[in-house]
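Subject: Structure for your review

Dear colleague,

Please find below the structure that I am handing over to you. My findings follow it.

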Amino acid sequence: MDALVSMADAFIGVFRTSADVFVSLTTGIIPLIVVFLTAVNALVKFIGEEKVENFAKWAAQEGWMYVPVRYTLLPFVAVFMLTNPVCYTFGTFLPEKNKPAFYDAAVSFVHPITGIFPHANGGELFVWLGIAAGVEIAAPELVTPLAVRYLLAGLVVILIRGVTTDIIYSIMSARKVGAE
């Protein structure tokens, strides 16, 4: 009989713990995300959607000097302003040959930005919160510096991925043209 009672307590304990987590999210991160999304949407409206689109078109220009802009600044602005998954629409301003690399850079950045800007990718927030919870137990003063370093490392990674994907796409396109 005691074993049955223990099993019942353990079973309901899972739901109690889940409810506690749900309440903590509802009173913690969810209001933060809602306020941040509202602020970003207001910022886009204040700046003007046309100006944001014009920035994307400027960053999409040809030439090696635009490569860092195209694969770091453009994905950052897209993910920050439009969040995941709408951020990928910024790729429409790019020439066809640059779209795969932009997508690769943007999709690779939706997680590193989450530590500082949680509104950018709610779907990946649980990963950052798990990492931050562990760091907070060990050294609470290191959570924000870790988020900043993660963001900066993410910018380096998306530049590398964008350039690499551009090169791979060029090689594959040349092979396709040569095979025709």
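A residue is called buried here when its relative accessible area is under 20%. Cys87 has 0% relative accessibility, and therefore counts as buried. Please keep in mind throughout that this is a predicted model.

Overall architecture

The chain contains seven helices and zero strands, so that its pattern along the sequence reads α-α-α-α-α-α-α. Its radius of gyration is 21 Å, whereas a compact globule of 180 residues would have one near 16 Å. The C-alpha trace spans about 75 × 45 × 30 Å along the principal axes. Of the 180 residues, 32% are buried. When contacts between residues at least 6 apart in sequence are considered, 63% of them join residues at least 24 apart.

As to the surface, the chain exposes about 11,000 Å², and carbon and sulfur atoms supply 71% of this area. There are 11 positive and 14 negative charges, and the mean positions of the two sets lie 11 Å apart.

The nonpolar core

The largest nonpolar core holds 30 residues; Leu74, Val79, Phe90, Phe102 and Ile113 are the members that touch the most others. At least two residues of this core come from each of α2 (29-47), α3 (49-59), α4 (67-82), α5 (99-109) and α7 (143-179). Helix α4 gives the largest share, with nine residues.

Phe102 merits separate mention. Residues up to four places away in sequence being set aside, Phe102 touches Arg70, Tyr71, Leu74, Pro75, Ala78, Cys87, Tyr88, Phe90, Gly91 and Leu94.

Ala78, a residue of helix α4, is among these partners of Phe102. Ala78 counts as buried because its relative accessibility is 0%. Beyond four places in sequence, Ala78 touches Thr83, Cys87, Phe90 and Phe102. The C-alpha atoms of Ala78 and Phe90 are 6.4 Å apart, with a sequence separation of 12 residues.

The loop between α4 and α5

Several residues of interest belong to this loop. Cys87 is one of the residues located there. Outside its neighbours within four places in sequence, Cys87 is in contact with Ala78, Val79, Leu82, Phe102 and Val110. From C-alpha to C-alpha, Cys87 and Phe76 are 9.1 Å apart, and they are separated by 11 residues in sequence.

Two backbone features deserve your attention. In general, most residues other than glycine have a negative phi, and most peptide bonds are trans. Thr83, which is not a glycine, nevertheless has a positive phi of about 60 degrees. Thr83 lies in the loop between α4 and α5, and it counts as buried because its relative accessibility is 12%. The second feature is a cis peptide bond between Asn84 and Pro85, with omega at about 10 degrees. Pro85 is likewise placed in the loop between α4 and α5.

Asn98 is also found in the loop between α4 and α5. With 3% relative accessibility, Asn98 counts as buried. Neighbours up to four places away aside, Asn98 touches Glu62, Arg70, Tyr71 and Asp166.

Two further buried positions

Gly162 belongs to helix α7 and counts as buried, at 0% relative accessibility. Its contacts beyond four places in sequence are with Tyr71 and Ala101. Gly162 and Arg70 are 92 residues apart along the chain, yet their C-alpha atoms are separated by 8.4 Å.

Thr114 is located in the loop between α5 and α6 (125-138). Its relative accessible area is 0%, so Thr114 is buried. Residues up to four places away being left out, Thr114 touches Asn121, Glu124, Leu125 and Trp128.

Points to inspect

When you open the model, I would suggest the following places as starting points:

- the surroundings of Phe102, whose contacts include Ala78, Cys87 and Phe90;
- the cis peptide bond that joins Asn84 and Pro85, together with the positive phi of Thr83;
- the pairing in space of Gly162 with Arg70, at 8.4 Å between C-alpha atoms.

With kind regards

How values were computed:
Residues are numbered from 1 along each chain as its sequence is written. This is a predicted model: local features need pLDDT of at least 70, side-chain atom pairs count only at pLDDT 80 or more; totals for chains, interfaces and linings use all residues. Side-chain values use heavy atoms; hydrogens and water are left out. Helices (H or I, at least four residues) and strands (E, at least two) are DSSP runs, numbered from the N terminus. The radius of gyration is taken over C-alpha atoms; the globule rule is 2.2 Å times the number of residues to the power 0.38. Buried means under 20% relative accessible area, exposed over 50%, partly exposed in between (1.4 Å probe, protein chains only). Contact means heavy atoms within 4.5 Å. Accessible areas come from the Shrake-Rupley method with a 1.4 Å probe; for residues, only the protein chains shown count as cover. Lys and Arg count as positive and Asp and Glu as negative; His and the chain ends are not counted. The place of a charge is taken as NZ of Lys, CZ of Arg, CG of Asp or CD of Glu. A nonpolar core is a set of buried Ala, Val, Leu, Ile, Met, Phe, Trp, Tyr and Cys residues joined through side-chain atoms within 4.5 Å.
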